[in-house]
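The following exercises invite the reader to examine one protein model and to work through its features step by step. Each task is followed by its solution.

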Amino acid sequence: MSTDPAYLLHIVIGTLAMLLYRATFSRRKGSRPHRFLGRAFFLSLAVVIASVGGLLFLSGRPYAAPEMVQFAYLAFCVFMVTATAWAAIRLKTDLARFRG
């Protein structure tokens, strides 16, 4: 395992994101702590994804197409799940939108 500070930062923030994920679900849905922890989780997840991009593109390693495709796919999936959750939260009063 590399002891590069960028890798260590990625691991620390990833661990924080996982802890925030669990903490969000331990609070009553819609409560102030739930919303605060959810936002903190979202921000930490964005930092984790950005750090992966930085590790891949700025590390000076030789180009590896499979890693780039995996990163692009992961980033797209995280973006879509986040966008869907965000839209569901914002549109929760308009139930007709969710009935297909």
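**Exercise 1.** Determine the volume of the largest pocket and describe its lining.

*Solution.* In this predicted model, the volume of the largest pocket is about 940 Å³. Its lining consists of 21 residues, and those closest to the centre of the pocket are T24, H34, G38, A85 and I89. Next, consider the elements: α1 (5–25), α2 (32–58) and α3 (65–90) are the ones that each supply two or more residues to this lining. Of these, α3 contributes the most, with 8 residues. Finally, sort the lining residues by class: 11 are nonpolar, 5 are polar and 5 are charged.

**Exercise 2.** Establish how α1 and α2 are oriented relative to each other, and identify the residues through which they meet.

*Solution.* Begin with the geometry: the axes of α1 and α2 lie 8 Å apart, and the two helices pack at an angle of about 155°. Angles over 145 degrees count as roughly antiparallel, and α1 is therefore roughly antiparallel to α2. The crossing of this pair is left-handed.

Turn now to the contact. On the side of α1, the participants include Y7, H10, I13, A17, L20 and Y21. On the side of α2, they include L37, F41, L45, V48, V52 and L55. By class, the contact of α1 with α2 comprises 15 nonpolar and 7 polar residues, with no charged residues.

**Exercise 3.** Carry out the corresponding analysis for α2 and α3.

*Solution.* The axes of α2 and α3 come within 11 Å and cross at roughly 165°. With the cut-off for roughly antiparallel at over 145 degrees, α2 and α3 are therefore roughly antiparallel to each other. Here, α2 passes α3 in a left-handed crossing.

For the contact, α2 provides R39, F42, L45, I49, V52, G53, L56 and F57. These residues meet E67, M68, F71, L74, A75, V78, T82 and R90 in α3. Divided by class, the residues of this contact are 11 nonpolar, 2 polar and 3 charged.

Notes:
Residues are numbered from 1 along each chain as its sequence is written. This is a predicted model: local features need pLDDT of at least 70, side-chain atom pairs count only at pLDDT 80 or more; totals for chains, interfaces and linings use all residues. Side-chain values use heavy atoms; hydrogens and water are left out. On a 1 Å grid over the protein atoms alone, a cavity is a set of points where a 1.4 Å probe fits but cannot get out, and a pocket is an open set with protein on both sides within 12 Å along at least five of seven lines; lining residues have an atom within 4 Å of a point. Grid points are joined across faces, edges and corners, and a volume is the space filled by probe spheres set on the points. Helices (H or I, at least four residues) and strands (E, at least two) are DSSP runs, numbered from the N terminus. Ala, Val, Leu, Ile, Met, Phe, Trp, Tyr, Cys and Pro count as nonpolar, Asp, Glu, Lys and Arg as charged, and the others, Gly among them, as polar. Axes are lines fitted to C-alpha atoms, for helices over the stretch in contact, and angles run from 0 to 180 degrees between N-to-C directions. Angles under 35 degrees count as roughly parallel, over 145 as roughly antiparallel, 65 to 115 as roughly perpendicular and the rest as oblique. A crossing is left-handed if the near helix is turned anticlockwise from the far one by less than a right angle, and right-handed if clockwise. Contact means heavy atoms within 4.5 Å.
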